[in-house]
Amino acid sequence: MGNSDVLRTIREAEQSAAESISNAEAEATSILQKARLEAAESLQTGRSDSEAEAQKIVADARAAAEKEAGTVSADGDAMIDSIHSSGNKNRDKAVNTILDAFRA
């Protein structure tokens, strides 16, 4: 092999190496972009999932509070009815007591 053949072989090897480096850099860039995209998608999915879970927790808490409020309201209504009933029963006694006090 002559010097020109050796130099040509070296140049071809250098070109091949440069192409390999260029291809490797392009592939590395592509892999990095895909990884960033997947990370962004994963982050968005995580946010969406956590927001949905938070809304479910709030809805469950609201339902429990409404149930408790309904129970308290029903108890309060029952107490009000009892007070009105007791007042109606004692009204005649109260009127007679006041009239008796004025007559005396």
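A residue counts as exposed when its relative accessible area is over 50%, and as buried when that area is under 20%. Keep those cut-offs in mind as we walk through this predicted model.

Let's start at one end of the fold. Arg103 belongs to helix 1, and its relative accessibility is 64%, so Arg103 counts as exposed. What share of the 104 residues counts as buried? The answer is 0%.

The architecture helps to set the scene: the protein has 1 helix and 0 strands. Its radius of gyration is 44 Å, well over the 13 Å that the globule rule gives for 104 residues, so the protein is more spread out than a compact globule. Along the principal axes, the C-alpha atoms fill a box of roughly 145 × 20 × 10 Å.

Now follow the helix itself. Helix 1 runs over residues 3–103, and at 1.5 Å a residue its 101 residues should span 150 Å; the end C-alpha atoms are 144 Å apart, which agrees. Along the way you will meet a kink of about 40°, centred on Asn90. For another sense of scale, look from Arg103 back to Glu27: these residues are 76 apart along the chain, and their C-alpha atoms are separated by 110 Å.

Finally, turn to the surface and the charges. The protein exposes about 9100 Å², of which carbon and sulfur atoms supply 57%. There are 12 positive and 19 negative side chains, and the centres of these two sets lie 11 Å apart.

Key. Residues numbered from 1 in each chain as written. Predicted model: local features only at pLDDT ≥ 70, side-chain atom pairs only at ≥ 80, totals over all residues. Heavy atoms only, no water. Helix = DSSP H or I, 4+ residues; strand = E, 2+ residues; numbered from the N terminus. Expected span 1.5 Å × (residues − 1). Bend = angle between axes of the 7 residues up to and from the residue. Rg over C-alpha atoms; globule rule 2.2 N^0.38 Å. Buried < 20%, exposed > 50% of the residue type's maximum accessible area, 1.4 Å probe, protein only. Areas by Shrake-Rupley, 256 points an atom, 1.4 Å probe, with all protein chains shown as cover. Lys, Arg positive; Asp, Glu negative; His and termini not counted. Charge placed at Lys NZ, Arg CZ, Asp CG, Glu CD.
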